[in-house]
Amino acid sequence: MIEIMQIRMKRSKIGLCVLIVFVAFILMIVTTGATSVLRAQPTNSTNTGSIPPTANQVTTRSNDKTFYLFTAEHDGLNETKLGIPADTYSPDVLLVNKGDNITVHFYNLDTTDRHTFTIGAPYNINEDLLPLHNGTIEFKANQEGIFRFYCTYHQPTMAGQLAVQEPPTVEKINSNVPK
Ligand SMILES: [Cu+2]
């Protein structure tokens, strides 16, 4: 009778041990899972818990853009022989975001010729400069697209492009990548 009781006690001890190991195993899985969930969240020093997830998407915006635009001339270009003017702009591409306030400081470096900065609709700009003069053009880039600007005196060479693009949206996490 005593022997049977001892065997039962042994069995229940073994059962208890198995239960403890099982519970410990479950706890380990749960803890590891929770850690990996925490790790899956973006690590961002500026991102506090109170900011909603959409705050990870930011729009890069610098609403004011200033350009210095110069007249240029290609040395050695024989205008009579080639039948084209030697005049161009530098730079000849102005890339801006829609909604930007644009300032163009336009310098006529030519000692003899007039030059213009001209854009048609919808911007309708025409800045005409005497030799060695400069002017400032200000406008809001409220129309998306690529718009040709040109000098009314020196076609077809003296021309460029104003590119007005939709403001790019970038992942905030990407802006933290070291350059
Ligand atoms: Cu010109």
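Author: Helices (H or I, at least four residues) and strands (E, at least two) are DSSP runs, numbered from the N terminus. This is a predicted model, where local features need pLDDT of at least 70 and side-chain atom pairs count only at pLDDT 80 or more, while totals for chains, interfaces and linings use all residues. Residues are numbered from 1 along each chain as its sequence is written, and side-chain values use heavy atoms, with hydrogens and water left out.

Reader: OK, what pattern does the protein follow, read along the sequence?

Author: Start by counting the pieces: the secondary structure comes to two helices and eleven strands. Now put them in order along the sequence, with α for a helix and β for a strand, and the pattern reads α-β-β-α-β-β-β-β-β-β-β-β-β.

Reader: And of the 179 residues, what percentage counts as buried?

Author: Here's the yardstick: buried means under 20% relative accessible area, exposed over 50%, partly exposed in between (1.4 Å probe, protein chains only). With that cut-off, the share of buried residues among the 179 of the protein is 25%.

Reader: Which residues have the most contacts inside the largest nonpolar core?

Author: A nonpolar core is a set of buried Ala, Val, Leu, Ile, Met, Phe, Trp, Tyr and Cys residues joined through side-chain atoms within 4.5 Å. The largest one here has 22 residues. Inside this core, the residues with the most contacts are Val104, Phe117, Tyr123 and Leu162.

Reader: Which element gives the largest share of this core?

Author: Quite a few strands chip in two or more residues to this core, including E2, strand E4 (93–97), strand E5 (101–107) and strand E6 (115–119). Further along, strand E7 (125–129), strand E8 (134–140), strand E9 (145–150) and strand E10 (159–165) are also among them. The largest share is three residues, and these come from E5.

Reader: I see a copper ion. What are its protein donors?

Author: Donors are N, O and S atoms within 2.8 Å of the metal (3.2 Å for Na, K and Ca); water is not among the atoms, so sites may look incomplete. Along the chain, the donors of the copper ion follow the spacing H-x35-C-x2-H-x3-M. Two of these residues, Cys151 and Met158, are buried. Lying 2.0 to 2.8 Å from the ion, the donors are His115 (ND1), Cys151 (SG), His154 (ND1) and Met158 (SD).

Reader: How far apart are the closest N and O atoms of Lys65 and Asp100?

Author: This pair is a salt bridge (a side-chain nitrogen of Lys or Arg within 4 Å of a carboxyl oxygen of Asp or Glu). Lys65 sits in strand E2 and Asp100 in the loop between E4 and E5, 35 residues apart, so distant parts of the chain are linked. Both Lys65 and Asp100 are buried. Their closest N and O atoms are apart by 2.7 Å.

Reader: How many salt bridges does the count come to?

Author: Besides the Lys65 pair, Arg114 bridges to Asp128, with the closest N and O atoms 3.3 Å apart. Arg114 lies in the loop between E5 and E6 and Asp128 in strand E7, so this pair ties together parts that are 14 residues apart in sequence. Arg114 counts as partly exposed because its relative accessibility is 39%, and Asp128, at 31%, counts as partly exposed too. The count of salt bridges comes to two.

Reader: How far apart in space are Ala163 and Asn97, C-alpha to C-alpha?

Author: Ala163 is in strand E10, and it counts as buried because its relative accessibility is 15%. In sequence, Ala163 and Asn97 are 66 residues apart. In space, C-alpha to C-alpha, the figure is 8.2 Å.

Reader: What is omega for the cis peptide bond from Gln155 to Pro156?

Author: Most residues other than glycine have a negative phi, and most peptide bonds are trans. This model has a cis bond between Ala121 and Pro122, with omega about 5°, and Pro122 lies in the loop between E6 and E7. Pro156 is found in the loop between E9 and E10. For the cis bond from Gln155 to Pro156, omega is near 15°.

Reader: Last one: what is phi of Leu132 near?

Author: Asn124, in the loop between E6 and E7, has a positive phi near 50°, and is exposed because its relative accessible area is 57%. Leu132 is in the loop between E7 and E8, and is exposed with a relative accessible area of 58%. Leu132 also has a positive phi, near 60°.
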